[in-house]
Amino acid sequence: MKHLRSIAEAGPEALIRLLDHTDTMVEVNERPVPKVPALRGKTVCNLFFEDSTRTRLSFETAAKRLSADVMTFTVKDSSVNKGESLRDTIETVAAMGVDAFVIRHRSSGVPWQVSAWTTASIINGGDGWHAHPTQALLDAYTVRSALGRSGGLDGVHIAIVGDIRHSRVARSDVEAFTMLGADVTLVAPATLLPPVASAPTTDDLDSVIEKVDVLYLLRMQRERMTEALVPSLREYSTRYGLTPERAARLQEHALVMHPGPMNRGVEILVDPAELPGAVITQQVTNGVAVRMAVLFELLGAGSGLTS
Ligand code: CP
């Protein structure tokens, strides 16, 4: 595998392989010194043209735990502000010697465009509304491990709730969850659904909340909205927020997930620390191991994961 730009492009075999490799990386991360020399001599560059906390820092941590060198680029400190183009930026950084770029950009399709300008591997760290494949991998891994599964997610019922229309996380999650055999329901008002939905939809959270194994809450992406798509945030919260009353109706084993950052008081009106099924912190922890598995898959061919 050369690139990880979308779940669909990776396919089911690579998806399962990456989840299985993540088990190994979790074991590495539990060691007293969580570091292996697997990617010594490799260089990973994080190119973030959009804000990020989790994705950027976990890729940086993942690369360092595999002993790769890391370059981190944030647009606000770069010559992009002097008018340098995306292509010139990529070619300039690539000339310093880069084996993999992790790219986040507000425009859909940028990771594919960039692949034409460099021989380095490209990992999509989130492109516009389109895809966020490593988020989907860490979400699938979290569901798999929290529900005690090995292999896929056959028969697991997952409701993804909220601003699906603007969500690259939802698009990649639907691809990954359905590829692994889960049944996905998209829950949102019609204005927050895409014109063509990739899974069954409902606008009634209360009709599914007692049946799901996983309740996946999404952030309202107000920065991507150009018009008012819900009458008010208060009304949205009333119909789609996880209130204490709705939390009490979840099945005992049900997981509550969120990709972060959370809008407390909008999509989540309970303290996740008080919810036994909340695995939001585990998602973040697993994000490092998943990204180690991805970097090792793309850059570690032929090398072992020796201690
Ligand atoms: N989930 C996610 O992509 O978070 P960041 O925007 O903080 O990277």
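## Exercises: a ligand and two domains

The protein splits into domain 1 (7-131 + 285-299) and domain 2 (133-281), with bounds from an automatic or database domain assignment. This is a predicted model, where local features need pLDDT of at least 70, side-chain atom pairs count only at pLDDT 80 or more, and totals for chains, interfaces and linings use all residues. Residues are numbered from 1 along each chain as its sequence is written, and side-chain values use heavy atoms, leaving out hydrogens and water.

**Exercise 1.** Find out which residues surround the ligand and what kinds they are.

*Solution.* Start with the list: Ser52, Thr53, Arg54, Thr55, Arg104, His132, Gln135, Pro259 and Gly260 (a heavy atom within 4 Å). Next, sort the shell: one residue is nonpolar, six are polar and two are charged, with Gly counted as polar.

**Exercise 2.** Look for backbone atoms in polar contact (N or O pairs within 3.5 Å) with the ligand.

*Solution.* Go through the ligand oxygens: one is 2.9 Å from a polar backbone atom of Thr53. A backbone N or O atom of Arg54 also sits 2.9 Å from a ligand oxygen. Then try nitrogen: a ligand nitrogen lies 2.9 Å from a backbone N or O atom of Pro259.

**Exercise 3.** Work out why the ligand lies between the domains.

*Solution.* Take the domains: their C-alpha centres are 25 Å apart. Their contact (heavy atoms within 4.5 Å) takes 31 residues from domain 1 and 28 residues from domain 2. Now check the shell: both domains give residues to it, so the ligand lies between them.

How values were computed:
A polar contact is a pair of N or O atoms within 3.5 Å; within protein, one must be able to donate a hydrogen and the other to accept it, and residues adjacent in sequence count only if both atoms are side-chain atoms.
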